[in-house]
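Open the model in your viewer and keep the selection box ready. The tour goes stop by stop, with a residue to pick at each one.

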Amino acid sequence: MQDLNNSQGNISYNHFANIYWTGVIIYQGIYVDPATLSLSNFLVYGNDIEVRSHDLANPAGFINGIILVDQGICNGIGKKIDANVSNNKIYMNNILYGGILCNYTKDVRLTNNKIWGNGMAGIYCGIWDDPTTDCLIKGNDVEHVNAKVAPIWLGSATSNCVVYADKKDVLDEGTNNILLGDHDKRSGHHSPLEINEEMMRQHDMMKWHNRQGMK
């Protein structure tokens, strides 16, 4: 999915196996008047994704489980995407890159995902010149990530992100990021607030799709 201007998307409960590039990519473009472009909303929930190299002995290629890109931020326009990536399972079958990548994003929520296998990082953001700000990374299980860099990697272009995780699992090269211990990261339980927020997002998306179907 890409070039999604003023869109509502719900990618949930899919099984992606033997993926040789990326399981899910959300790419928000800016190809209309930015002054009239509404915020897009995306929920990526409960998917099982296996990404792998063509040659497991010599992994190559830009392979990731999930990628989020907001082209508005890339061009200095501002936030155009509201994304929640939650409760996905991502197996990195000996890849060069990672499980979840955020490029040019703001206020995305990466919560309660389980990532394991071999790659550069389980979750990584802002490692190039791609500002990634105000992200929430909470409750993710990266215990079994065999990372070339770190299970969770906040690059030099990240700022004001909040990460709940064991500090030994996080490499923070950014600015004003906050690292907090996450004592419940492997409990599998969701707070009532998180459950209610996700239900409301799904409800709003269903209403939007129903309205489109009646046009």
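Buried here means under 20% relative accessible area. C161 has a relative accessible area of 0%, so C161 is buried. Keep that cut-off in mind for the stops below. One caution before moving on: this is a predicted model.

**The whole chain**

Show the cartoon. The chain has 20 strands and 2 helices. Its length is 215 residues, and buried residues account for 50% of them. Switch to the surface. The accessible surface is about 10100 Å². Carbon and sulfur atoms contribute 51% of that area. Now think about contacts between residues at least 6 apart in sequence: 74% of them join residues at least 24 apart.

**The cysteines**

Stay with C161. Which cysteine sulfur is nearest to that of C161? Select C135: its sulfur is 4.3 Å away, and C161 is in no disulfide. Next select C125 and C102. The sulfur of C102 is the closest cysteine sulfur to that of C125, at 4.0 Å. That is too far for a bond, because a disulfide needs the two sulfur atoms within 2.5 Å. C125 is buried as well, with 0% relative accessible area. The count of disulfides comes to 0.

**The aromatic cluster**

Select F62, Y97, Y124 and W128 and show their side chains. Ring pairs link these four into a cluster. The structure holds 5 aromatic pairs.

Start with F62 and W128. Their ring centres are 6.3 Å apart and the planes are at 55 degrees, which makes a tilted pair. What does this pair tie together? F62 lies in the loop between β5 (48-52) and β6 (64-70). W128 lies in the loop between β12 (121-125) and β13 (132-133). The pair therefore ties together parts that are 66 residues apart in sequence.

Look at how much of each residue is accessible. F62 is partly exposed, at 31% relative accessibility. W128 is partly exposed too, at 38%.

Keep W128 and move to Y124. The ring centres of Y124 and W128 are 6.4 Å apart. Their planes meet at 70 degrees, so this pair is edge-to-face. Is Y124 buried or exposed? Y124 is buried, with a relative accessible area of 0%.

**Two lysines over rings**

Select K114 and W116. K114 lies over the face of W116, 5.4 Å from the ring centre. Then jump to K138 and Y164. The charged end of K138 sits over the ring of Y164, at 4.8 Å from its centre.

**Strand β4 and its contacts**

Select V44. This residue lies in strand β4 (residues 40-45). V44 is buried, with a relative accessible area of 1%. Which residues does V44 touch, leaving out those up to four places away in sequence? Add I11, V24, I26, I66, N84, V85, S86 and N88 to the selection. Now add Y13. V44 and Y13 are 31 residues apart in sequence, yet their C-alpha atoms are 8.8 Å apart in space.

From that contact list, pick S86. S86 lies in strand β7 (residues 81-86). S86 counts as buried, at 0% relative accessibility. Show N87 as well: a polar contact of 2.8 Å joins the side chains of S86 and N87.

**Two asparagines with positive phi**

Most residues other than glycine have a negative phi. The last two stops go against that pattern.

Select N18. Its phi is near 55 degrees, a positive value in a residue other than glycine. N18 is in strand β2 (residues 15-19). N18 counts as partly exposed, at 37% relative accessibility.

Finish at N94. Its phi is near 60 degrees, again a positive value in a residue other than glycine. Where is N94 found? N94 is in the loop between β8 (89-93) and β9 (98-103).

Conventions. Residues are numbered from 1 along each chain as its sequence is written. This is a predicted model: local features need pLDDT of at least 70, side-chain atom pairs count only at pLDDT 80 or more; totals for chains, interfaces and linings use all residues. Side-chain values use heavy atoms; hydrogens and water are left out. Rings of Phe, Tyr and Trp (its six-membered ring) pair if their centres lie within 6.5 Å; planes under 30 degrees apart count as stacked, over 60 as edge-to-face and the rest as tilted. Helices (H or I, at least four residues) and strands (E, at least two) are DSSP runs, numbered from the N terminus. Buried means under 20% relative accessible area, exposed over 50%, partly exposed in between (1.4 Å probe, protein chains only). A charge sits over a ring if NZ of Lys or CZ of Arg is within 6 Å of the ring centre and within 35 degrees of the ring normal. Contact means heavy atoms within 4.5 Å. Accessible areas come from the Shrake-Rupley method with a 1.4 Å probe; for residues, only the protein chains shown count as cover. A polar contact is a pair of N or O atoms within 3.5 Å; within protein, one must be able to donate a hydrogen and the other to accept it, and residues adjacent in sequence count only if both atoms are side-chain atoms.
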